[in-house]
Amino acid sequence: MSLNLMDIPQAKPLHPNLSVPRDGWGRPLVVPQGGGKPKGHTRTTTFIDCIEDKSSLVDWLCRNVLIGASKRPDLLEKARELDPDDPADKKKLNDLAEQAKDAAGANEKSRKGTYLHDLSEYADRGEPLPKTISGQDLNDMAAYMMETSALKVVAVEQFVIVPELSVGGTFDRLSYYEGPGPDGKPISGNFITDTKTGSIEYGKLKMASQLAVYSRGKLYDHTLFPVDANDKAAIKEWKKQEFTAEQAAEAYSPLPPVNQEWGIIVHLPQGEGVCKLYWADLKIGWALAQLALTIRQARSTKGALRPFVNHITTEELASSAKV
């Protein structure tokens, strides 16, 4: 195992599986298995968000907005005259809050995490790392390669659809592993593998559910239905097209055999030069995915509240007397 370096003359191109057409909410637009018009599918991470307690995340974001605003008093001046209940001002305030988070460095971890993901892809493809890599990042990647040496990468960044959930997303890796399993007994096969660069103190259930959903996915080739994903007008017209069941069937294909009971989380905390692997229980994860489906369907329930009436009109009194 070695860490080779090379010059990268330009930014890493977008992975083909990440260029799936999307709607205005960022949802992947997918031709259903049975054919028809392209339909928005919920992103995997968004779909399972409803099972998570986000109070810690909300508190963290609030703290960062406050810190960022203290560093950028100009943002406070711009916000002073805006009404948080006015539809037009809401967007402006959201933009200012995002700038405050950025000033506090809240977005830097996300950018750094994305960069480490990119570096891990170079490593897993057996390609040299960029020469511009810092010593700290080099230590992180050395730890990553050492810890994941027991895994053989089968596939990288694959977009999958789970039709029964109307969910779509891209998993990091499909990896082959043979050795002791979560109970110490021998285990072998392909496992959905996901790299996390932030804290894993929270979100364990979400991670298990995310991997469980991916393990039930079907590969989807969006290139069979070409459209410029960056052209909003083209997307609008493309969404009106009807595709046959035969055309749709060509876009779907099964994953290689994959373990649906266990997945693997690769924890690569930024700048620490350490990496650890964890087994994710996909039985728990899939049960939670089913719960998420129930919760999301329940949100469309109507009639939970009705107007309270404490008097009867003359017309209603006359009507009831006739009965």
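Helix H3 packs against helix H4 through a short list of residues. In this predicted model, Leu-75, Lys-78 and Ala-79 of H3 meet Leu-93, Leu-96, Gln-99 and Ala-100 of H4. By class, this contact holds five nonpolar residues, one polar residue and one charged residue. H3 covers residues 73-80, and H4 covers residues 87-103. Their axes come within 10 Å and cross at roughly 170°. An angle over 145 degrees counts as roughly antiparallel, so H3 is roughly antiparallel to H4. The crossing of H3 past H4 is left-handed.

Take one residue from this contact. Leu-93 belongs to helix H4. Set aside its neighbours within four places in sequence, and Leu-93 is in contact with Ala-79, Leu-82, Asp-83 and Pro-84. Ala-79 is one of the H3 residues named in the contact of H3 with H4.

H4 also meets helix H5, which spans residues 106-124. Here the axes come within 4 Å and cross at roughly 75°. That makes H4 roughly perpendicular to H5. On the H4 side, the residues are Glu-98, Lys-101 and Asp-102. On the H5 side, they are Ala-106, Asn-107 and Arg-111. Four residues of this contact are charged, one is polar and one is nonpolar.

Another pair is helix H7 (residues 204-215) and helix H10 (residues 282-298). Their axes come within 7 Å and cross at roughly 85°. H7 and H10 are therefore roughly perpendicular to each other. H7 brings Leu-205, Ala-208, Ser-209, Leu-211, Ala-212, Val-213 and Ser-215 to the contact. H10 brings Leu-282, Ile-284, Gly-285, Trp-286, Leu-288 and Ala-289. The contact of H7 with H10 has 10 nonpolar residues, three polar residues and no charged residues.

The three pairs line up as follows.

| Helix pair | Axes come within | Crossing angle |
|---|---|---|
| H3 and H4 | 10 Å | roughly 170° |
| H4 and H5 | 4 Å | roughly 75° |
| H7 and H10 | 7 Å | roughly 85° |

How far apart are Leu-93 and Ile-284 in sequence and in space? They are 191 residues apart in sequence. In space, they are 39 Å apart, C-alpha to C-alpha. Leu-93 takes part in the contact of H3 with H4, while Ile-284 takes part in the contact of H7 with H10.

Now for empty space. Rolling a probe the size of a water molecule over the atoms shows where such space is left. The second largest pocket holds about 270 Å³. It is lined by 14 residues, and the closest to its centre are Arg-22, Asp-23, Gly-24, Ala-229 and Ile-235. The lining of this second largest pocket divides into six nonpolar, three polar and five charged residues.

Technical notes. Residues are numbered from 1 along each chain as its sequence is written. This is a predicted model: local features need pLDDT of at least 70, side-chain atom pairs count only at pLDDT 80 or more; totals for chains, interfaces and linings use all residues. Side-chain values use heavy atoms; hydrogens and water are left out. Axes are lines fitted to C-alpha atoms, for helices over the stretch in contact, and angles run from 0 to 180 degrees between N-to-C directions. Helices (H or I, at least four residues) and strands (E, at least two) are DSSP runs, numbered from the N terminus. Angles under 35 degrees count as roughly parallel, over 145 as roughly antiparallel, 65 to 115 as roughly perpendicular and the rest as oblique. A crossing is left-handed if the near helix is turned anticlockwise from the far one by less than a right angle, and right-handed if clockwise. Contact means heavy atoms within 4.5 Å. Ala, Val, Leu, Ile, Met, Phe, Trp, Tyr, Cys and Pro count as nonpolar, Asp, Glu, Lys and Arg as charged, and the others, Gly among them, as polar. On a 1 Å grid over the protein atoms alone, a cavity is a set of points where a 1.4 Å probe fits but cannot get out, and a pocket is an open set with protein on both sides within 12 Å along at least five of seven lines; lining residues have an atom within 4 Å of a point. Grid points are joined across faces, edges and corners, and a volume is the space filled by probe spheres set on the points.
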